[in-house]
There are 4 protein chains.
Amino acid sequence: MARFEKKIHAEGHLIDSDLLSDVMDRVIREGSRFKIIDLQVGKTNEDPSTLEMLVESDTGEQLTALLQELSDFGFVPVEMEDARFEAAPAAGVVSEDFYSTTNHATEVFLGGEWHRVVQQRMDACIVRDDDTFRCVKLRDVEAGDLVLVGLSGVRVIPEYTPRDRSNFQFRGNEETSERQVRLSVERVAGMIRDVREAGGRVVWVPGPVVIHTGAAPDMTALIEAGFVDAVLSGNALAVHDVENAFFNTSLGVSTKDGQVAHLGHRHHMRAINVIRRAGNLPNAVAQGVLTEGICHALVKHNVPFCLAGSIRDDGPLPDTEMDLIKAQAGYAELLDGASLVIILSTMLHGIGVGNMLPGSVPLVCVDIHPAVVTKLCDRGSAQAHGIVTDVGLFLHLLRSALCDDSKS
Amino acid sequence: MARFEKKIHAEGHLIDSDLLSDVMDRVIREGSRFKIIDLQVGKTNEDPSTLEMLVESDTGEQLTALLQELSDFGFVPVEMEDARFEAAPAAGVVSEDFYSTTNHATEVFLGGEWHRVVQQRMDACIVRDDDTFRCVKLRDVEAGDLVLVGLSGVRVIPEYTPRDRSNFQFRGNEETSERQVRLSVERVAGMIRDVREAGGRVVWVPGPVVIHTGAAPDMTALIEAGFVDAVLSGNALAVHDVENAFFNTSLGVSTKDGQVAHLGHRHHMRAINVIRRAGNLPNAVAQGVLTEGICHALVKHNVPFCLAGSIRDDGPLPDTEMDLIKAQAGYAELLDGASLVIILSTMLHGIGVGNMLPGSVPLVCVDIHPAVVTKLCDRGSAQAHGIVTDVGLFLHLLRSALCDDSKS
Amino acid sequence: MARFEKKIHAEGHLIDSDLLSDVMDRVIREGSRFKIIDLQVGKTNEDPSTLEMLVESDTGEQLTALLQELSDFGFVPVEMEDARFEAAPAAGVVSEDFYSTTNHATEVFLGGEWHRVVQQRMDACIVRDDDTFRCVKLRDVEAGDLVLVGLSGVRVIPEYTPRDRSNFQFRGNEETSERQVRLSVERVAGMIRDVREAGGRVVWVPGPVVIHTGAAPDMTALIEAGFVDAVLSGNALAVHDVENAFFNTSLGVSTKDGQVAHLGHRHHMRAINVIRRAGNLPNAVAQGVLTEGICHALVKHNVPFCLAGSIRDDGPLPDTEMDLIKAQAGYAELLDGASLVIILSTMLHGIGVGNMLPGSVPLVCVDIHPAVVTKLCDRGSAQAHGIVTDVGLFLHLLRSALCDDSKS
Amino acid sequence: MARFEKKIHAEGHLIDSDLLSDVMDRVIREGSRFKIIDLQVGKTNEDPSTLEMLVESDTGEQLTALLQELSDFGFVPVEMEDARFEAAPAAGVVSEDFYSTTNHATEVFLGGEWHRVVQQRMDACIVRDDDTFRCVKLRDVEAGDLVLVGLSGVRVIPEYTPRDRSNFQFRGNEETSERQVRLSVERVAGMIRDVREAGGRVVWVPGPVVIHTGAAPDMTALIEAGFVDAVLSGNALAVHDVENAFFNTSLGVSTKDGQVAHLGHRHHMRAINVIRRAGNLPNAVAQGVLTEGICHALVKHNVPFCLAGSIRDDGPLPDTEMDLIKAQAGYAELLDGASLVIILSTMLHGIGVGNMLPGSVPLVCVDIHPAVVTKLCDRGSAQAHGIVTDVGLFLHLLRSALCDDSKS
């Protein structure tokens, strides 16, 4: 039997990030074999390790396929070939063999050195402008753009989560309801305070359940206290927030006493009509029509927000962006440079955000449905923290932890 | 075609309890027909209605079967036959045709009058002692006991929930997480206070999740404040409460900081061993070995409790009753005369309690899993109130509502 | 105390649809009182009932509010006032007091007679053109349109579900996983066959889980066999269907052996690129690029479909409508005249469809998450049937029931 | 600052089982430090690795605590001390410092060599009889038994899951409903066939949902075909199976047409009464009273079963063991030597089984609730395989895969 082999190397936290173990798995699963040539394990926790290993397959195709997979772990041939680029044949169309990105930091090898890709995001093309390499969404590629093809000359830099007591236990089994939520609240409050102190931005992605569960005043307080740097959501959050501001109901149910209000099921359409008459949310605030709630606070405190439309939207509010190309651009702009993203009970917008966000940005996801938390946190990133609990109570406690003088 | 018919009558809140509607459904579903002979609707909300109707079937068997069903709604023949009784052939064995009870108030017709059955519970036999008719579990029937057979001469008195604002909205869609839990907390607090003021008993059925979610101090405070008249649970609640009292962990996870404790997975067995050495929970309290937590408070405040064993029990604690015949008797004794039952995150013990409880006793069921709430509340009773939320946060808020001076 | 009263009347299945009971509840809850003046109960199952009752409140405002609520049940004053209309002040803006519709059949009183509203849908305005009254979405109202305001002269015609064995047991506790799904499959197959035989249209609303769970061949077979008259979905269904057609994977997981495919996470972007190059799905089929799967079958068999964009969409496919105003129009067009709608594991599109659909159109909703089924079926309509099960297995069995000769 | 250090070593699949990574985590989390002295990585997939490392702490207590933790990973001091034993002071009571076992293979160091512990199970004591060391439940320890105390001289042998394609992909994200269940069915069928061919025993743990979902005939067929070596369950499975055999209903719902049967809610008590009259299940089969269903097949084919009682049991059947000490013994006996355990929709019995089972025995857990699957599979073992799906459909397909000639 013929034998095809290649010497590859890697450097970094190979053992503590389970990289070496994952790579070994991959080699065997693909029907190939490995031999460790040299492994220098970091003697202490801070030291990186270095590895040289030989991978061996039965066919050249197998070996090529395997090497492509290993580059996703940062394991690349010792003798690296340059990355290859092909001009896009038409706008929004690229070569069949194009390289589709992950949400992890990525480097391109060209002219004997590695170049870091900018504007990292998932499922994008890598476009070359001289010595700059940037992620571009498929639909935004222009005819003639030089697009990375194949898998040679590209590697992913795996995230490394430092072993640190305070963060360590957040992950893993956290995605269960059998935990003490008040401790998670304190940890999230700590993360938010840390980001604020470091001058970072906290982006919030709340769903309408925030209003239904009576947490509108809590979210409003967090905005007023300056803990909210941007809000990404949809039409329903704003509609029910405005409904609540006008009628003290959410989907017709009183947020004061939990009763179904008189003719309450008509409130949300009436609320929409009022905002439409004013022109939009900022006008409604300026005209004194809208005087409380989340939307009011966002406008008053100049916190930018983007409401993405959806097929189920009533109305919608004039502020809701029903052109989703524009809505995605709006989301991306507000996510740019985010230091922390907090998703509250909305799978739809949460997935949208996850698609745009580099894996290195910490993400907190709170939902009462474990399946939603699992799905949103399953992004190949150590930075996703899931909390299964009642969102209304969570926000209520978080506001106490962050805003109440007596507790701070 | 032959025609078999019977004139039946009923009295009560026939329309507002949907009884008449349900009975009409049943008649048609069974392939029979009805004719309303006379319906006197209560003119106002307080007035009962009276009805006489003719039901008609194609065969005598159909008619008999139909009449049997309608007696469960309190609709009985105008000319009533006496109930029939047969002696049990052996201990725990009765005639094939025995009447198996529901959890609703039931009456037996004998000697020209209706007699109310006592000790009402679900799935029991009705045993006659002269003029007394009582529910007896199948296994407790003695040879020779006179057991009601067939369906003649027996009727169920349907519950009537008065139309009253405060309770009305509790049911129905409440079994969703898209509601404001703080309002439910206030309502449950109000129910508890009402029961206390009326001299009634509140029986609690907490699962071990109460400890895992960090609510042991809250439950303890409720016991100390006198809001707990009995506790029905299993081995796990007590084991993790004691583990928490000794080690500040629950299943090895710190209830102080949420971290997995050093060798924490061994804590619960060590806790069990300590209690076994002391003899049992009361002895451990008396000896000063156990000084805090739910079990400590129960013993100190003489609140009776019953811990039913299960196949998954570790240890168990000496206080856990592993003979389930005895455990069911213990539960039944503590439930006797209960005015309110609160089930917290335990399907197993919750179903056990539901089986023993008359339908007229209000039941509050709190769980983060909607399916559990649905199952526990699906008992043919308007008295079951479901709340889908995080149990730890719920208890924390309930304790604030009931125990904090500033709020009372 | 002053007393304000009004004589109202109603006709129809007042008791068996629980209408009278609901109306009584409402009167008491609103702090008012009722007196039954005359109730003629239908003597048999087929006969409608007629009612005259007096409602009485302490204030004129209370009485007006109450009458407004009761008109939603079809209970209206004996002496009816004409409906009132006001011209819309601007496009998409109406009087504050406008009447917002339900999804139930509605009638408008004008010139001494009742007129049935056409194009019934939820949350719309009612616009008058001479003797025609039609539902118009708020955003589609034009300046000057005559829009119904207030609640006088309008009534809802409550649905009446005939008591019929075959349908009766479908509802209620069906929203549990503790049922035999094969029986539900047979019932849904029967409903589909009945609709086909009657010349009706079956509209399907499948989510991408249909592909993930391996049911693409089943859905394809149903299309080919003519059981699918329209498909409403989003980008993800089509993307993963095409990914599956090209690569035998769905989100990178093999639909042949369940393994994560080599570089599989890049497949969906490659699939999108191929379709973009072809132009769109119909072109890809015409060019022989796309040769199997759901999208292929839809194109080949001229089954219309509409893919609504969402904030989480990758790509999207050129066929996905990212302008949601157009997407909602596309959905509405395909839903027009639907006889049966089947929603498969997609809350987003399911809610969108529910918003547009009259309450009289039967809706089947299949999902493994009980909360989704509950939400989609909670539409004030006896026509919503929920099934909690694995969607992949459900479709597999449904295809066997409908398409296999041996079983038909 | 003082420095306390110890040289430890380990051997095995240190990298591919993530052991080294886990141990490094643990050292840092406990506030200690490590230095790798020598690491010989297996050059190829088959070769084990060997490691010598120095761990260093600030206090002697820290170091001792750390060493105790590391012995759970098989990392032990180079210079090993003998294990220590203390006589139990009373029956069911041991020294406070006793060693509580995990479900993984364990070894005890005494007289210069390592001894494998027998009858491995979780949460047990280790009792010495000369050169034999066995797991004994706390309550079964007799006064004077020599019980292992402290953590010196004991190590856990971590499981090693060979990297093998067929098993590899089963775990991990399998605990989601967004997968193709038919592939999982085939894999479980393959596991069962492999066990049968190797002469092993398959133990089944079905819950009553098996009957409710209409899978009684499927489970029966699997018993008849010889794929079931033991059944562990509770009263409810047997009650509803017998109810189904007698009345074609389960909890009163017809398993033929899904309708609520006439007086169906009384069927299960009637079924219990019939079996009680016959004496028990085997007698009912012998007398020709019980002629079909799961229980009938178990008796006919001499398949041993154990029904553990619970607090929620009606009846119970005479065959249900209400003394849980005896029920746990019965379970343990039937689990002894099991090669594969299949848990079907029962958290209660599933946890009971998990507590008794060595981690090396493969476990398949099928449930429609993801939280149950997560909980049952979270046992520190690579051998737990979770499948989120409808249990009735799963069993139906599994029976086809295993029993139908046409498919084998």
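Two strands pair if DSSP finds at least two bridges between them. Helices (H or I, at least four residues) and strands (E, at least two) are DSSP runs, numbered from the N terminus. The model shown is predicted: local features need pLDDT of at least 70, side-chain atom pairs count only at pLDDT 80 or more, and totals for chains, interfaces and linings use all residues. Residues are numbered from 1 along each chain as its sequence is written, chains are lettered from A and ligands numbered from 1 in the order in which they are written, and side-chain values use heavy atoms, with hydrogens and water left out.

**View 1. The open sheet of chain C.**
Chain C holds an open sheet of 7 strands with parallel pairing, in the order β17-β16-β13-β12-β18-β19-β20. Its edge strands, β17 (320-321) and β20 (384-388) of chain C, each pair on one side only. Strands of a sheet pair through backbone hydrogen bonds, either parallel or antiparallel.

**View 2. One edge of the sheet, β17(C) and the strands that follow.**
β16(C) and β17(C) run parallel and are joined by 2 bridges. Here Leu307(C) lies opposite Thr320(C) of β17(C). Strand β16 (residues 305-308) of chain C also pairs with strand β13 (residues 230-234) of chain C, in the parallel sense, over 4 bridges. In that pairing Gly234(C) is opposite Ala308(C) of β16(C).

**View 3. The other edge, β19(C) and β20(C).**
Strand β19 (residues 363-367) of chain C pairs with β20(C) over 5 bridges, in the parallel sense. Val364(C) has His385(C) in β20(C) as its bridge partner.

**View 4. The interface of chain B and chain D.**
Contact (heavy atoms within 4.5 Å) involves 56 residues of chain B and 57 residues of chain D. Buried area is the accessible area (1.4 Å probe) that two parts lose on being put together, summed over both. Chain B and chain D bury about 5100 Å² between them, with 55% of it on carbon and sulfur atoms. On the side of chain B, Arg266(B), Ile311(B) and Arg312(B) lose the most area to chain D, together 15% of what that side buries.

**View 5. Polar links and helices between chain B and chain D.**
A salt bridge is a side-chain nitrogen of Lys or Arg within 4 Å of a carboxyl oxygen of Asp or Glu. Chain B and chain D have 6 salt bridges between them. One of these links Arg277(B) to Glu96(D), with the closest N and O atoms 3.7 Å apart. A polar contact is a pair of N or O atoms within 3.5 Å; within protein, one must be able to donate a hydrogen and the other to accept it, and residues adjacent in sequence count only if both atoms are side-chain atoms. Across this interface of chain B and chain D, 36 residue pairs are in polar contact (both at pLDDT 80 or more). In chain B, α2 (60-71), α8 (267-278), α11 (324-335) and α12 (347-356) each supply at least two residues of the side that touches chain D. α8(B) gives the most to that side, with 7 residues. By class, the side of chain B that touches chain D has 24 nonpolar, 17 polar and 15 charged residues. Ala, Val, Leu, Ile, Met, Phe, Trp, Tyr, Cys and Pro count as nonpolar, Asp, Glu, Lys and Arg as charged, and the others, Gly among them, as polar.

**View 6. The axis between chain B and chain D.**
A turn of 180 degrees and a shift of 0.0 Å along the axis lay chain B on chain D with an RMSD of 0.0 Å. The two copies are thus related as by a two-fold rotation axis. In chain B, the C-alpha of Asp323(B) is nearest the axis, 2.3 Å from it. Copies are superposed by least squares on the C-alpha atoms of residues with pLDDT of at least 70 in both. Of the interface residues of chain B, 100% are also interface residues in chain D, so the copies meet through the same surface.

**View 7. The interface of chain C and chain A.**
Chain C and chain A each bring 57 residues to the contact. They bury about 5100 Å² between them, and carbon and sulfur atoms give 55% of that area. There are 6 salt bridges between chain C and chain A. Among them, Glu96(C) meets Arg277(A) at 3.7 Å, N to O.
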